[in-house]
Amino acid sequence: MLYDIFIDPFVQMYQMPDFFLQVLWEGFVAGILYALIALGFVLIFKASGVFNFAQGIMVVFAGLTLVGLNENGVPAYLALILTIGVMGVLAYGVERVVMRPLVNQPEIILLMATIGLTYFLVGFGEFVFGGEPKQMITEQLGLPTGSTAFEFGDRGLVILQHIDIAAAVIAVVMVTALGVFFNKTRIGRALRAVADDHQAALSVGISLNQIWAIVWFAAGLVALATGIMWGARSDVSFALEIVAFKALPVLILGGFTSIPGAIVGGLIIGFGEKIGELYWGGLVGGGIESWLAYIIALIFLLFRPQGLFGERIIERI
Amino acid sequence: MFYREAGQFKTSYKADQALFPILQDRVGLAVILITAFAVIPALANDFFLTSIMIPFLVFSLAAIGLNILTGFCGQLSLGTGAFMGVGAYAAYKLTSIFPDANVIVMVLLSGVFSAAIGAVFGLPSLRIKGLYLAVTTLAAQFFLEWCFIRIPWLYNYNASGAIEVPRREVFGIIATGAEATPLARYFIVLGITVLIAFLMANVLRGRIGRSWMMIRDMDIAAELMGIRPLQTKLMAFAVSSYICGVAGAMMVFFWLNAAEPSSYSIRLSFQVLFMVILGGLGSLGGAFMGAAFIWILPVILKFVPGLLGFDLAAETVEHATFMIVGALIIFFLIVEPHGFARLWQIAKQKLRVWPFPY
């Protein structure tokens, strides 16, 4: 038993390096996608202190809108632009209808409001586009399909899906773009000011409402990119909602307010989950992927209650 | 005018500290209890009992359980569904190990198991707070759900992986199983819910309940004033999980007759959390109102198009229900973030001063 837990998995890793690399790659891709979802959460949490539970459903909604428009005869690129427009309208609507009347409420009320928004979007998405899973329009969007195999002499081969590589590249581009946007532009500076202190930001003439709409729109764009990538790997369906829950341990690992934290957290969870499932999962009957991420996060939290990159929590009376 | 405390003098400390010191409250409560115990069973048909009243009471109890943890002790939990599941599976195992025992006792005992598991998952709450704690309770949710699927001992190794409630009799009346009448189930569920609600109303105004509220309002300050945070938080977790466990056991034994692991999924956790928040955090009456709103509204919405003469597909109605419920949740949060309990207080104040509002 002890041998199975502590020695055998490592022996396997050494003996089958191709399989191990494949697992690492899977973990990397899963981690990138978790990180993308978590990124949407972080954007909104930083700027408004709202824990946006609807991010997961926004991913599904963006993907569904894109596919649904394409099914109704809109060319792929036009559909993409239209979907971006829809996310913009959604961002404005959420800011106007949900966020603005709820300013200054306790965070649990805001959390509930976003869960209400989740229900609404689930109903609306199914109402308009139907509940059955849809195929993502990968080729029409010019995304690569197919795969490449790398050989390691005589030790086996590792297969990389092109779409996964594309996902990684897009994630990197997106994070860089967001970094530049946050640090170099006028709006980005305003966003950081709002994140630091709402009242101080207001007093220097930054419009909170405008900033919130922009942040929700940015989160919508991240959701769209995530939706395309997840959709290309599996189907576009409301089952993706479960994936969004995985972004929560990623978030608490990285800390709610840190963009690099979201990426690092995503990768830790992605690697940990895949390696744990494939090397240790068999010992307890498999399927541990569904909860391992939370347990990893829980263990990290016990040592650092504010997450890896979170701001230190100081409590005073 | 209608709701006047003036002139009701209390002449002893005991009378002043009574659970319901105001006459109108006692009358109102008596009316509600008579309605629940006599009028509804006399008038309602089976459909009303099985698909509205029994689920409503079960959810009310679960909402009371979560309200103790989240509303009174301030620990946000998303693991309610799993704790209810623990109660259900424990009750199932208990009835199959002790087939002759009274099933009501078994249901009440099953809560003990979920209390123990709740206390274990409550341990991190000492260090982890707020939203971070919510995520650790998600760990409980997904881990326990996995256990329900992967540990065949829990469902007696049957092929379907679901638990099915066997037929059991209590005092000569069939209480569980497919043959049990809705009326018998209704009375059992009502009895347990009322009993636990009264018990909790008493606990909450005593030393334990007050220490929970101190922890909720500011845990460091409470600690300085001599409240032990570990014991208090763990007790809140245990009591809350006990009630949720009993609710979960009642859900399968007296309502659904059979349950799968997916019955106790994260969706259930959210549903109960909605009831608590819409009803009003930190209010027992609010738990009932929230449960009524979240459970009964979709049932009614299902029949509205038929009554209005529209012929819509069942799917469309379901999607529209989702939309309407979501929109109403946001609406109510905007109108009254403190829930129906606060609306009821406002209404009471209006009744108090009517017809001269100034």
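Chain A of this predicted model contains 13 helices and two strands. Its C-alpha trace extends over about 65 × 60 × 35 Å along the principal axes. For a chain of 317 residues, a compact globule would have a radius of gyration near 20 Å, and the 21 Å of chain A therefore agrees with that expectation. Of the 317 residues, 44% are buried. Contacts that reach across the sequence are frequent: among those in chain A between residues at least 6 apart, 72% join residues at least 24 apart.

The helical content can be set beside the database annotation. An unreviewed UniProt entry assigns the feature "transmembrane region" to residues 20–43, 50–69, 75–94, 106–129, 159–182, 211–230, 250–271 and 278–303 of chain A. Two of these spans may serve as examples. Residues 20–43 of chain A are 100% helix and 0% strand, and the C-alpha atoms at the two ends of the span lie 34 Å apart. Residues 75–94 of chain A are 95% helix and 0% strand, with 28 Å between the end C-alpha atoms.

The packing of individual helices comes next. Two packed helices are described by the angle between their axes and the distance between the axes. Helix H3 of chain A, residues 17–48, and H10(A) have axes that come within 9 Å and cross at roughly 175°. Because an angle over 145 degrees counts as roughly antiparallel, H3(A) is roughly antiparallel to H10(A). On the side of H3(A), the contact includes Leu33(A), Leu36(A), Ile37(A), Gly40(A) and Leu43(A). H10(A) contributes, among others, Ile211(A), Trp212(A), Val215(A), Trp216(A) and Trp230(A). By class, this contact of H3(A) with H10(A) comprises 18 nonpolar, three polar and no charged residues.

H10(A), residues 208–233, also packs against helix H8 of chain A, residues 186–196; here the angle is about 105° and the axes are 10 Å apart. H8(A) and H10(A) are therefore roughly perpendicular to each other. Ile187(A), Ala190(A), Leu191(A) and Val194(A) of H8(A) meet Leu208(A), Ile211(A), Ile214(A) and Val215(A) of H10(A). The residues of this contact between H8(A) and H10(A) are eight nonpolar, no polar and no charged. Ile211(A) and Val215(A) of H10(A) take part in the contact with H8(A) and also appear in the contact with H3(A).

Attention now turns to the second chain. Contact between the chains involves 38 residues of chain A and 33 residues of chain B. Helices H6 (107–129), H11 (240–254) and H13 (289–303) of chain A each supply at least two residues of the side that touches chain B. The largest share of that side, 14 residues, comes from H6(A). By class, the side of chain A that touches chain B has 29 nonpolar, seven polar and two charged residues.

Helix H13 of chain A also holds Ala293(A), a residue that offers a closer view of the local surroundings. Is Ala293(A) buried or exposed? With 30 other C-beta atoms within 10 Å, Ala293(A) is buried, since 20 or more such atoms suffice for that class. Setting aside its neighbours within four places in sequence, Ala293(A) is in contact with Lys246(A), Pro249(A), Ile269(A) and Glu273(A). Ala293(A) and Leu2(A) are 291 residues apart along the chain, and their C-alpha atoms are separated by 23 Å.

Technical notes. Residues are numbered from 1 along each chain as its sequence is written. Chains are lettered from A and ligands numbered from 1 in the order in which they are written. This is a predicted model: local features need pLDDT of at least 70, side-chain atom pairs count only at pLDDT 80 or more; totals for chains, interfaces and linings use all residues. Axes are lines fitted to C-alpha atoms, for helices over the stretch in contact, and angles run from 0 to 180 degrees between N-to-C directions. Helices (H or I, at least four residues) and strands (E, at least two) are DSSP runs, numbered from the N terminus. Angles under 35 degrees count as roughly parallel, over 145 as roughly antiparallel, 65 to 115 as roughly perpendicular and the rest as oblique. Two residues are in contact if their C-beta atoms, placed from the backbone, lie within 7 Å. Ala, Val, Leu, Ile, Met, Phe, Trp, Tyr, Cys and Pro count as nonpolar, Asp, Glu, Lys and Arg as charged, and the others, Gly among them, as polar. The radius of gyration is taken over C-alpha atoms; the globule rule is 2.2 Å times the number of residues to the power 0.38. A residue is buried if 20 or more other C-beta atoms lie within 10 Å of its own, exposed if 12 or fewer, and partly exposed in between; C-beta atoms are placed from the backbone. UniProt positions are given in the numbering used here, feature names are shortened, and annotations may be inferred rather than shown by experiment.
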